[in-house]
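Reader: Please take me through the terms used for this model, and show how each one follows from a value and a cut-off.

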Amino acid sequence: MLRIAVGSTNPVKVGAARRILQQLYPDCEVTGLNVPSGVSDQPIGERETIEGATNRARTAREVANADLGVGLEGGVTFEGEGCWMINCCVIVGRNGQVGVGKGHSFILPPAAADGVRAGREVGHVIDEITGKSNTKQRGGAIGFLTNGTVLREDLFAATVGAAVVQFLHPELYTK
């Protein structure tokens with residue numbers, strides 16, 4: 001049985017990994033572990049977002065002695081006045097193989113962007129805007145902004161799919 005450790009206990013992240021990886025590896029076991037990202041609570045820029053996902057994947061794999069470690073991280077980038085949500089997934093194999101996937105991005109409303117610029121985490125800002133709590137462990141900002149038609153787990157699931165291609169077709173990714 002393939003053992004897969006996700007570097008988070010957030011049900012959205014674990015659910016996204018489970019949704020994709022159990023389709024590809026039906027006999028796998030997917031578990032979430034609370035491990036540090038090693039980056040700021042709200043990663044800024046693609047580089048820090050990927051670094052956080054990589055740290056989560058490596059640590060989860062090592063702590064669980066799993067075959068694969070999965071790290072998922074949501075971050076933001078700034079372009080002019082706009083603040084964009086981004087997400088990525090890093091999968092690390094026992095043999096050192098690494099797969100990286102980048103997900104969909106979308107622009108945050110100005111009030112949320114202002115909160116992030118002030119040093120706050122997107123999830124907390126969206127909680128205030130919506131009047132709900134812990135939205136990042138449910139539909140997330142995208143769920144709120146799309147009236148529930150696209151959820152945070154959907155974005156992360158697509159990102160897991162993008163990262164796993166290098167494991168499904170290693171012959172295509174080796175020189």
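Author: What follows is a set of questions and answers on helix packing, salt bridges, surface exposure and backbone angles in this predicted model.

Reader: Why are α3 and α4 called oblique to each other?

Author: Helix α3 (residues 110-117) and helix α4 (residues 122-130) pack at an angle of about 140 degrees, and their axes are 9 Å apart. Angles over 145 degrees count as roughly antiparallel and those of 65 to 115 degrees as roughly perpendicular, and the angle of about 140 degrees falls in neither range, so α3 and α4 are oblique to each other. The crossing in which α3 passes α4 is right-handed.

Reader: What makes α1 oblique to α6?

Author: Helix α1 (residues 11-24) packs with α6 at an angle of about 45 degrees, with the two axes 8 Å apart. Since roughly parallel requires an angle under 35 degrees and roughly perpendicular one of 65 to 115 degrees, the value of about 45 degrees leaves α1 oblique to α6. The crossing of α1 and α6 is right-handed.

Reader: How do you know that Glu46 forms a salt bridge with Lys102?

Author: The closest N and O atoms of Glu46 and Lys102 are 2.8 Å apart, and because a salt bridge needs a side-chain nitrogen of Lys or Arg within 4 Å of a carboxyl oxygen of Asp or Glu, the pair qualifies. This pair links distant parts of the chain, with Glu46 in helix α2 (residues 45-64) and Lys102 in strand β5 (residues 98-102), 56 residues apart. The structure holds seven salt bridges.

Reader: Why is Glu46 called partly exposed?

Author: The relative accessible area of Glu46 is 40%, and because buried means under 20% and exposed means over 50%, a value in between makes Glu46 partly exposed.

Reader: What makes Arg120 and Glu128 a salt bridge, and are these residues buried, partly exposed or exposed?

Author: The side chains of Arg120 and Glu128 meet at 2.6 Å, N to O, and as the limit is 4 Å, the contact counts as a salt bridge. Arg120 has a relative accessible area of 31% and is therefore partly exposed, whereas Glu128, at 56%, passes the 50% limit and is therefore exposed.

Reader: How do you know that Lys136 forms a salt bridge with Glu121, and which parts does the pair tie together?

Author: The closest N and O atoms of Lys136 and Glu121 are 2.6 Å apart, which is within the 4 Å limit. Lys136 lies in the loop between α4 and α5 and Glu121 in the loop between α3 and α4, so the pair ties together parts that are 15 residues apart in sequence.

Reader: Why does Glu121 count as buried, and what is Lys136 called?

Author: Glu121 has a relative accessibility of 14%, which is under the 20% limit, and therefore counts as buried. Lys136, with a relative accessible area of 27%, falls between 20% and 50% and is therefore partly exposed.

Reader: Which residues are linked in a network of salt bridges?

Author: Arg19, Glu153 and Asp154 are linked in such a network.

Reader: What makes the nonpolar surface patch, and why is Leu145 eligible for it?

Author: The patch is made by Ile129, Phe144 and Leu145, and its area is about 230 Å². Leu145 is in helix α5 (residues 140-145), and its relative accessible area of 35% makes it partly exposed; because patch residues need over 30%, Leu145 meets that requirement.

Reader: Why is Thr77 called buried and Trp84 partly exposed?

Author: Thr77, which is in strand β3 (residues 68-79), has a relative accessibility of 16%, and because this is under 20%, Thr77 counts as buried. Trp84 lies in strand β4 (residues 82-93), and its relative accessible area of 26% is between the limits of 20% and 50%, so Trp84 is partly exposed.

Reader: What is noted about the phi angles of Asn65 and Asn147, and how exposed are these residues?

Author: Asn65 has a positive phi of about 50 degrees although it is not a glycine, and Asn147 likewise is not a glycine but has a positive phi of about 55 degrees. Asn65 is in the loop between α2 and β3 and, at 45% relative accessibility, stays under the 50% limit and therefore counts as partly exposed. Asn147 is found in the loop between α5 and α6 (152-168), and its relative accessible area of 73% is over 50%, so Asn147 is exposed.

Technical notes. Residues numbered from 1 in each chain as written. Predicted model: local features only at pLDDT ≥ 70, side-chain atom pairs only at ≥ 80, totals over all residues. Heavy atoms only, no water. Patch = residues over 30% accessible without salt bridge, like charges linked within 9 Å, V, L, I, M, F, W, Y side chains within 5 Å. Areas by Shrake-Rupley, 256 points an atom, 1.4 Å probe, with all protein chains shown as cover. Helix = DSSP H or I, 4+ residues; strand = E, 2+ residues; numbered from the N terminus. Buried < 20%, exposed > 50% of the residue type's maximum accessible area, 1.4 Å probe, protein only. Axes fitted to C-alpha atoms, helices over the stretch in contact; angles between N-to-C directions. Left-handed = near helix turned anticlockwise from the far one by under 90°.
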